[in-house]
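The exercises below ask you to read local geometry, burial and packing from a single chain. Work through each task with the sequence and coordinates open before you turn to its solution.

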Amino acid sequence: MHATTFESYFHNILAARASNDEVAAPATIESLAESLSEYLPQVGVDTVVRAHGFARVAHAGQRRRTGHSYITHPLAVANILCEMHMDEQSIAAAVLHDVLEDTGTTKEDLATEFGGEVAHIVDGVSKLGKMFKTHEQARAENFQKMAIAMANDLRVILVKLADRLHNMRTIGVMPLEARRRISRETLEYYAPIANRLGMHNLCTELEELGFEALYPLRADRLRRAVDTARRTRHKALMDEITRSFEAALRRDGIEAQVSGREKTLYSIYKKMKTQRKPFQDIVDVFGVRIIVSQVEDCYRTLGVAHNLYKPVAGRFKDYVAIPKANGYQSLHTTLIGMRGVTMEVQIRTREMDAVADHGIAGHWLYKSGDASLNRARASRWIDGVLDLQRRAGDPQEFIESLKTDLFPDEVYVFSPKGDIFELPRGACPVDFAYAVHTDIGNHCVACRVDRTLAPLSQQLESGQTVDIITSPDARPSPAWLGFAVSGRARSAIRQALKAQHRSESIALGRRLLNRSLENANASIKDFDFRRLRRVFREFGVRKLDEVLAGIGTGNLMAYAVAQRLLAADNPDYEAVDIDKGGPVAIRGGEGLVISYGRCCGPVPGDAVIGHVTPERGLVLHVDTCHNMDAVRRRMPNQVIPARWTDSIAGEFETTLMLTVNRRKGVLAEIAASVNQGNAGISNIRVDERNAELSSVTVDLSVSNRSHLDRVRHRLLAIPAVQSVRRTVG
């Protein structure tokens with residue numbers, strides 16, 4: 001059977017299942033009202049019933065693809081939220097969530113009938129409904145709107161998640177391409193958001209439905225394999241393990257509910273894919289969940305479990321004392337059980353279990369202080385999302401940062417004062433610094449991990465204490481983007497680098513423009529720029545700083561700007577050749593707008609020359625660099641003389657090429673000689689020339705030309721080294 005035939009076969013199965021689901025359990029307002037009356041006052045139930053009547057009239061004549069009356073969909077969404085014990089405003093908004101988009105009802109109509117809260121939630125859900133239907137850029141922009149809607153009222157996203165869940169339950173009636181698109185969106189965005197808000201049950205069902213709809217053949221094969229494994233030995237072994245736990249807990253007088261926890265198809269599929277493990281290795285890991293009454297019973301149960309079976313070292317996590325950011329609490333441990341099977345055991349109270357299943361919705365399900373704390377954590381995450389949105393330079397950058405934040409594998413580290421910070425797996429001290437405060441991150445120069453100096457790129461582990469050392473003169477480095485992983489840190493680094501680049505571009509642009517004006521005996525200070533704004537408009541800018549930044553980044557030519565300013569300020573001005581001027585002074589610490597040609601590696605002491613390149617600013621070369629010959633011929637106006645100042649800061653990279661006799665240990669001698677000369681090596685490459693000689697290229701960093709000469713003399717002192725020369729272009 002061909003793949004397309006399989007697709008059609010499974011598409012038909014999904015379509016039939018979607019129709020049967022709604023036929024088997026049709027949503028009615030009577031059943032919903034009965035469920036709501038179990039936890040809402042009668043006035044709240046009446047509000048929902050009234051909202052149903054309003055929606056039924058508004059949707060009159062509309063039908064779903066399943067053939068059912070349209071009102072069955074908002075009723076089903078309301079039932080999902082009812083299971084979470086959401087408040088009457090949320091349930092009423094669920095019943096009404098499509099009236100703004102699909103009928104002639106206005107937000108003002110809803111506010112008049114049901115109040116501002118309900119109208120606000122429905123309006124927010126309607127705006128989210130337009131998400132993901134356009135190009136990638138527009139999709140990212142819509143996701144930004146989603147973040148703002150979530151921040152205004154978390155119930156907006158809860159209604160939207162319930163709406164998406166019911167749509168996924170009936171997705172089989174959708175055309176194939178739409179089904180794939182919706183399923184991919186569900187797996188990439190909606191399920192991770194549900195997980196980030198701690199809504200395990202909803203997240204799991206979204207993942208299972210999305211996986212089955214996107215990859216029906218893989219899901220079917222995996223389901224068959226799981227069923228076969230369950231029939232053979234898994235169920236009997238799980239029952240035996242469960243009974244052993246129950247007996248041990250009874251002996252210690254702990255009242256508990258023990259249940260086996262089977263892995264979902266999508267979790268098996270993800271582990272097989274990411275860990276590259278065969279099916280048998282994933283399925284052979286058993287899951288056990290133990291629910292107790294009190295928090296202290298969690299730790300007593302942990303002791304019983306560790307006495308009963310051998311724990312695996314390093315696999316214990318205490319999310320009770322240190323909850324996850326989404327409010328999840330539980331003790332996790334891994335044990336080696338009977339017959340050598342591995343067991344993943346979760347221990348939690350009933351309330352923790354409810355919050356783990358419903359996440360942020362647990363605030364409404366349980367009105368306790370812990371549930372309110374859970375809502376506060378979710379709100380902090382939403383605030384963090386908004387912070388990312390504000391810092392991002394464009395929607396795509398925001399999406400990149402948010403995706404990192406949506407798939408966390410947490411590391412918990414401590415500040416010197418004992419405060420706990422949650423970071424994504426792979427985080428480094430730079431991520432920690434920005435988690436504390438943006439200013440701490442921007443001025444970070446070094447760190448101590450567990451009181452020992454450590455590199456800023458070191459990956460952190462849970463339980464470590466991190467102390468950040470700052471300096472008021474420090475600035476973020478572009479290299480940090482190579483190892484920082486958190487969305488907050490990466491976004492803040494990019495923003496700081498953009499600001500740093502702009503200020504340096506303005507400073508360099510001012511120097512270059514003044515240099516061009518010198519030949520006309522003028523300077524920037526001589527001009528009244530309020531009278532010359534029309535000149536700015538010619539260059540597509542509005543302010544002097546924008547002109548200077550354009551010159552500094554190479555997008556505007558200094559001599560062209562100078563000519564226009566001189567001509568506009570003096571009608572009698574006769575153009576003179578002002579593209580020649582004194583050399584630009586290079587201090588070595590200009591930062592991002594002055595770079596050094598890799599082809600020749602100029603260092604202080606070399607005769608140097610520069611050329612202006614769009615977006616890169618001034619690129620410095622050795623005067624004899626072969627690559628500058630073409631620039632001199634084609635773009636002479638872009639060639640700018642340069643000189644080193646007397647006080648030079650920093651180290652400079654250059655390249656030496658050695659011809660050496662081929663013998664064992666010569667590379668170690670070269671590296672040792674460079675190191676003894678107080679120079680750094682960033683790379684060594686070896687090319688064989690013949691049976692006796694090799695060419696060795698060494699990229700190294702030195703402080704100036706004299707330093708480089710000393711290193712060259714050291715290398716020439718090695719008996720195996722025949723010659724040493726610099727590469728120039």
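**Exercise 1. Locate D450 and R451 in the secondary structure, and describe their backbone and exposure.**

Solution. D450 lies in the loop between β9 (444-449) and β10 (452-454), where strands (E, at least two residues) and helices (H or I, at least four) are DSSP runs numbered from the N terminus. The model is a predicted one, in which local features need pLDDT of at least 70 and side-chain atom pairs count only at pLDDT 80 or more, while totals for chains, interfaces and linings use all residues. Residues are numbered from 1 along each chain as its sequence is written, and side-chain values use heavy atoms, with hydrogens and water left out.

R451 has its place in the loop between β9 and β10 as well. Next, take the backbone: phi of D450 is near 55°, a positive value in a residue other than glycine, and phi of R451, likewise not a glycine, is positive at near 70°. Most residues other than glycine have a negative phi. For exposure, use relative accessible area with a 1.4 Å probe and protein chains only: under 20% is buried, over 50% exposed, and in between partly exposed. D450 is therefore partly exposed at 40%, whereas R451, at 80%, is exposed.

**Exercise 2. Describe the surroundings of P429.**

Solution. Begin with its element: P429 is found in helix α21 (residues 429-436). With a relative accessible area of 0%, P429 is buried. Then list its contacts (heavy atoms within 4.5 Å): leaving aside residues up to four places away in sequence, P429 touches C447, V449, P455, L456, Q458, L460, V466 and I468. Finally, compare sequence with space: P429 and F483 are 54 residues apart along the chain, and their C-alpha atoms are separated by 9.8 Å.

**Exercise 3. Determine how many disulfides the model has, and examine C428 and C600.**

Solution. Apply the criterion of a pair of cysteine sulfur atoms within 2.5 Å; the count comes to 0 disulfides. For C428, which is in no disulfide, the nearest cysteine sulfur belongs to C447 and is 8.5 Å away. C428 counts as buried because its relative accessibility is 0%. For C600, the closest cysteine sulfur is in C625 at 3.8 Å, which is too far for a bond; C600 is buried too, at 1% relative accessibility.

**Exercise 4. Identify the largest nonpolar core and its main contributors.**

Solution. A nonpolar core is a set of buried Ala, Val, Leu, Ile, Met, Phe, Trp, Tyr and Cys residues joined through side-chain atoms within 4.5 Å. The largest has 56 residues, and those with the most contacts inside it are L513, L565, L658, I670 and L715. Helix α26 (residues 558-569) gives the most to this core, with 6 residues. Beyond four places away in sequence, L565 touches L513, F527, F529, L532, V535 and F536. Apart from this core lies another, of 54 residues, among them A78, L161, M199 and L202.

**Exercise 5. Characterise the packing of α28 against α29.**

Solution. Fit the axes to C-alpha atoms over the stretch in contact, and take angles from 0 to 180 degrees between N-to-C directions. Helix α28 (residues 666-676) and helix α29 (residues 705-716) then pack at about 145°, with their axes 9 Å apart. At residue level, I670, S673, V674 and Q676 in α28 meet V711, R714 and L715 in α29.
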